[in-house]
Amino acid sequence: MQTVIDSVSHELRTPLTAIAGTTSALASDAIAADPARRRLLADELQAMTERLNRIVGNLLDMSRLSSGTMTLQRDWHDPRDMVSAALALTRREMTNHEVQLHFDDVLPLVWVDIQLMTQALANILSNAAGYSPVGSPVQIACRAAKSCLALTISDSGPGIPEKELPKIFGKFYRVPGAQSGGVGLGLAITKAIVEAHGGAVTVANRQAGGASFSIDLPLDVQPEIPGEDEET
Ligand code: ADP
């Protein structure tokens, strides 16, 4: 527990220290007279605040998920909307990557809590962007089989050491030597959310290099769309 508190405190302090430094720089007269530099600092401030917000959001989600107080607000959603919402959440990180989408032409609707599933997906996207080289592609595929919808996110980063693969969905688990910027909760939250939907999340290393995460969601009987069977 002590190590967890130490690591979380460290990860919270890093952006906080940077925010304090940037804020005082922004307040200086020299910066006030230089709009381009001010813009740059304001952008950095926003990026660091987003990072902090995500860490705190992950801590709160995990606390709700483990206490069982999180209830699913499920509705029918197009998986494409889920992917777009997750891409919007990770827009800033994704700007350094080429996002390649591979969707089946016809996709069924899924019965999900869109906000939670978006978060689950965004955690994987954020890792794909953060742990792979700037400029490398991130592929998102969405395929429907008979009874399940598979969402796969693949990157061209270093992948995950084979012996760490079974551990990375654990709470507060980080691969030894992982760059700073996280507390090891993102994937644990993704797993909890996906499993609350009756699905499963898995990871494998790609032959060509990089990691590939798959979210499999069970497909329910599709809802009837009013008017679809009516004669016109
Ligand atoms: P965090 O990113 O906050 O450390 P996560 O639970 O999201 O926590 O990920 C756990 C660990 O798995 C990370 O610390 C990292 O070492 C590893 N990891 C996750 N995604 C990837 C990826 N796409 N490529 C390489 N390593 C990854």
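This tour moves from the ligand to the residues around it and then to Ser-132.

The model is predicted, so local features need pLDDT of at least 70 and side-chain atom pairs count only at pLDDT 80 or more, while totals for chains, interfaces and linings use all residues. Residues are numbered from 1 along each chain as its sequence is written, and side-chain values use heavy atoms, with hydrogens and water left out.

Select the ligand and then the 19 residues that surround it, each having a heavy atom within 4 Å of it; the closest are Asn-127, Tyr-131, Asp-155, Arg-174 and Leu-187. Colouring this shell by class gives twelve nonpolar, five polar and two charged residues, where Ala, Val, Leu, Ile, Met, Phe, Trp, Tyr, Cys and Pro count as nonpolar, Asp, Glu, Lys and Arg as charged, and the others, Gly among them, as polar.

Next, show the side chain of Arg-174, which places a polar atom 2.5 Å from an oxygen atom of the ligand, and that of Asp-155, where a polar atom lies 2.8 Å from a ligand nitrogen. At Gly-186, look instead at the backbone, as an N or O atom there lies 3.4 Å from a ligand oxygen.

Finally, go to Ser-132, in the loop between helix 6 and strand 4 (137-144), with helices (H or I, at least four residues) and strands (E, at least two) taken as DSSP runs numbered from the N terminus. Ser-132 counts as buried because its relative accessibility is 8%, and buried means under 20% relative accessible area with a 1.4 Å probe and protein chains only. Its side chain reaches the backbone oxygen of Ala-128 at 2.5 Å.

Definitions and conventions. Polar contact = N/O pair within 3.5 Å; in protein donor to acceptor, adjacent residues only side chain to side chain. Buried < 20%, exposed > 50% of the residue type's maximum accessible area, 1.4 Å probe, protein only.
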